[in-house]
Amino acid sequence: MSIEAGIQRYEVINDMINDELRKRNKAVVTDVNGQRYIGCALDSGKTIEIHGTPGNDMACYLNGGRVIVYGNCQDAVGNTMGCGEIIVHGHSGDAMGYGMRDGQIYIRDNVACRGGIHMKEFRDMRPVLVIGQNAGSFLGEYMAGGTIVLLGLNMKRGEKLFGTHCASGMHGGKIFVRGNFPKENLSPNIKISRLNDEDMAELGEYVRKYCKYFDADYDEIMKKPFKKLSPLSSRPYANLYTPN
């Protein structure tokens, strides 16, 4: 049995979802029209399948659950998520994965501005954001840990892989980018390098999952070389706060 969201308020829809998840481990929600906070703090072993366009803060504070979207998303998807998985069969708005601490997000198409900002990792907790197409400005801003993968698939002529100020303030983690990218849009505190064997093994794992979820061709994706973006310093703005 599915829940039809329609034009009902988000509080009503989320109450219905929670009622459904108390009975079984999966809830299906159809005709979603911008309702917020769907899947907030969803626990491990629970799945929400969304058809339509969920609103801001979908799957915020995700706690091990799984959220699958057949459509596009608005802003702040996966905000401060702790663990779990988000799969979006479409594109996403701003601040995707803001402050995420663990778990994985897979976006079939593009992400708007400030994707993956303030991502961080701790011990075995390592967040991952995989973007199939391209990203807007400030990708990976103030990134402190984790991994972003930018595949550059199905881009139109003249489109750039990422917008301005990519990785500004980045002081941890890494970004794998496929193909050519606009170096003038990259923050000056970033090092560009080839992937080593450990990087390739990690990347392969994420690309295989992307291909599984979105029916893409793994071999075709991996034909084009990747580069790794990583911070030159763990304190990129130290000179702003310390005397010369």
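**Exercise 1. Find out which residues Met155 touches beyond its sequence neighbours, and how open its surroundings are.**

Let's start with contacts in this predicted model. Skip the residues up to four places away in sequence, and Met155 touches Gln133, Asn134, Lys160 and Leu161.

Next, place the residue. Met155 sits in the loop between strand S8 (144-150) and strand S9 (172-178).

Now for exposure. Buried means under 20% relative accessible area and exposed means over 50%. Met155 has 27% relative accessibility, so it counts as partly exposed.

Finally, try a distance. Asn196 is 41 residues away from Met155 along the chain, and the C-alpha atoms of the two are separated by 27 Å.

**Exercise 2. Work out where Val28 lies and what is around it.**

Step one: Val28 is part of strand S2.

Step two: with neighbours within four places in sequence left aside, Val28 is in contact with Ser2, Ile3, Glu49 and His51.

Step three: check the distance to Ile68. The two residues are 40 apart along the chain, and 9.6 Å separates their C-alpha atoms.

Step four: is Val28 buried or partly exposed? Its relative accessibility is 21%, so Val28 counts as partly exposed.

**Exercise 3. Describe helix H1 and decide how its buried residues are arranged.**

Begin with length. H1 has 14 residues, and from its first C-alpha to its last it reaches 20 Å, close to the 20 Å expected at 1.5 Å a residue.

Then pick out the buried residues of H1: they are Ile13, Asn14, Ile17, Glu20 and Leu21. Look down the helix axis and these buried residues fall within an arc of 120 degrees, so they line one face of H1.

What about the face turned away from that buried side? There you'll find the exposed residues Arg22 and Lys23.

To finish, ask what covers the buried residues of H1. The cover includes strand S1 (2-4), strand S2 (26-33) and strand S3 (47-53).

**Exercise 4. Zoom in on Glu20 and say whether it is buried or exposed.**

First, locate it: Glu20 belongs to helix H1, which covers residues 10-23.

Second, look at the number. The relative accessible area of Glu20 is 7%, so Glu20 is buried.

Third, list the company it keeps. Apart from neighbours within four places in sequence, Glu20 is in contact with Met1, Ile3, Lys26 and Ala27.

**Exercise 5. Characterise the largest pocket by its volume and its lining.**

Volume comes first: the largest pocket holds about 210 Å³ of space.

Now the lining. It is made of 13 residues, and those nearest the pocket's centre are Asn18, Leu21, Gly39, Cys40 and Leu42.

Which element gives the largest share of this lining? That is H1, with four residues.

Last, sort the lining by type: eight residues are nonpolar, three are polar and two are charged.

**Exercise 6. Examine phi and exposure for Tyr37 and Tyr61.**

Take Tyr37 first. Its phi is positive, about 65 degrees, although Tyr37 is not a glycine. You'll find Tyr37 in the loop between S2 and S3. Its relative accessibility is 31%, so Tyr37 counts as partly exposed.

Then turn to Tyr61. Its phi is near 55 degrees, again a positive value in a residue other than glycine. Tyr61 lies in the loop between S3 and strand S4 (63-70). With 45% relative accessibility, Tyr61 counts as partly exposed.

Key
Residues numbered from 1 in each chain as written. Predicted model: local features only at pLDDT ≥ 70, side-chain atom pairs only at ≥ 80, totals over all residues. Heavy atoms only, no water. Helix = DSSP H or I, 4+ residues; strand = E, 2+ residues; numbered from the N terminus. Buried < 20%, exposed > 50% of the residue type's maximum accessible area, 1.4 Å probe, protein only. Contact = heavy atoms within 4.5 Å. Expected span 1.5 Å × (residues − 1). Arc of directions from axis to C-beta. 1 Å grid on protein atoms, 1.4 Å probe; cavity = no way out; pocket = protein on both sides within 12 Å on 5 of 7 lines; lining within 4 Å. Points joined across faces, edges and corners; volume = space filled by probe spheres on them. Nonpolar A, V, L, I, M, F, W, Y, C, P; charged D, E, K, R; others polar.
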